[in-house]
Amino acid sequence: MKKAWLYVAATSFFELVWIFGFNVASVWWHWIPIVLFIFVDFHFLSKACETLPTGTVYAIFAAIGTVGTALMDVFFFDQTLSGGKIFFIVLLVAGVIGLKLADGHDEKIAAEGNR
């Protein structure tokens, strides 16, 4: 199970790398590593989905991508972080935590039903 979470961390990291690449690519050959990072990213995403619930993996993947992109805009591309952005980032993180807790609850009920 721990290895699956490492795959989630890897897919989230590579997602942020290729999103960063979208912002800085200026010539055609910059897209070559970006495409490679996308393939590596989806490889780790699929590996994570082999043992973890797909909904949880995708929610975490999307949340880290969204939060990471918002923070990347602030720290690397001189965008502002407004109160509204902070509110919705917190709401997104709360939703992902809630989804994970609901998945754990559903898994527990399913395990009890199989006894």
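These legends go with several close-up views of one predicted model.

**View 1. The whole chain, a run of four helices.** There are four helices here and zero strands, so to speak an α-α-α-α pattern when you read along the sequence. Of the 115 residues, 29% count as buried. The chain exposes about 7600 Å², and carbon and sulfur atoms supply 72% of that area. If you look at contacts between residues at least 6 apart in sequence, 69% of them join residues at least 24 apart.

**View 2. The spans that UniProt labels as transmembrane.** An unreviewed UniProt entry lists "transmembrane region" for residues 5–22, 28–45, 57–77 and 83–102. Two of these spans are picked out here. Residues 28–45 are 83% helix and 0% strand in the model, with 26 Å between the end C-alpha atoms. Residues 83–102 come out as 100% helix and 0% strand, and their end C-alpha atoms lie 28 Å apart.

**View 3. A nonpolar patch on the surface.** Eight names to find in this one: Phe-20, Val-24, Leu-71, Phe-75, Phe-76, Leu-81, Ile-86 and Val-90 form the patch, and together they have about 740 Å² of accessible area. Helix H1 (2–24), helix H3 (54–76) and helix H4 (83–113) each put in at least two residues. H3 gives the largest share, with three residues. Zoom in on Phe-20, which sits in helix H1. Phe-20 counts as partly exposed because its relative accessibility is 31%, and partly exposed covers the range between 20% and 50%.

**View 4. Thr-56 and the residues it touches.** Thr-56 belongs to helix H3. Is Thr-56 buried or exposed? Its relative accessibility is just 2%, so Thr-56 counts as buried; the cut-off for that label is under 20%. Leaving out residues up to four places away in sequence, Thr-56 touches Trp-5, Lys-100 and Asp-103.

**View 5. Aromatic rings that pair up.** The count comes to eleven aromatic pairs. One of them is Tyr-58 with Phe-61, a tilted pair with 5.8 Å centre to centre and 40° between the planes. Both residues lie in helix H3, three residues apart, or about one turn of the helix. Phe-61 counts as buried because its relative accessibility is 6%. Elsewhere in the view, ring pairs link Tyr-7, Phe-13, Phe-14, Phe-37 and Phe-44 into a cluster.

**View 6. A salt bridge within helix H2.** How many salt bridges does the count come to? The answer is one. Side chains of opposite charge can pair when their charged atoms come close. Here the partners are Lys-47 and Glu-50, with the closest N and O atoms 3.6 Å apart. That distance qualifies because the cut-off is within 4 Å. Both partners lie in helix H2 (residues 31–51), three residues apart, about one turn of the helix. Lys-47 has a relative accessible area of 24%, so Lys-47 is partly exposed. Glu-50, at 56%, is exposed; the label exposed starts over 50%.

Terms used
Residues numbered from 1 in each chain as written. Predicted model: local features only at pLDDT ≥ 70, side-chain atom pairs only at ≥ 80, totals over all residues. Heavy atoms only, no water. Patch = residues over 30% accessible without salt bridge, like charges linked within 9 Å, V, L, I, M, F, W, Y side chains within 5 Å. Areas by Shrake-Rupley, 256 points an atom, 1.4 Å probe, with all protein chains shown as cover. Salt bridge = Lys/Arg side-chain N within 4 Å of Asp/Glu carboxyl O. Buried < 20%, exposed > 50% of the residue type's maximum accessible area, 1.4 Å probe, protein only. UniProt positions renumbered as here; feature names shortened; annotations may be inferred. Contact = heavy atoms within 4.5 Å. Phe/Tyr/Trp six-rings, centres within 6.5 Å; stacked < 30°, edge-to-face > 60°.
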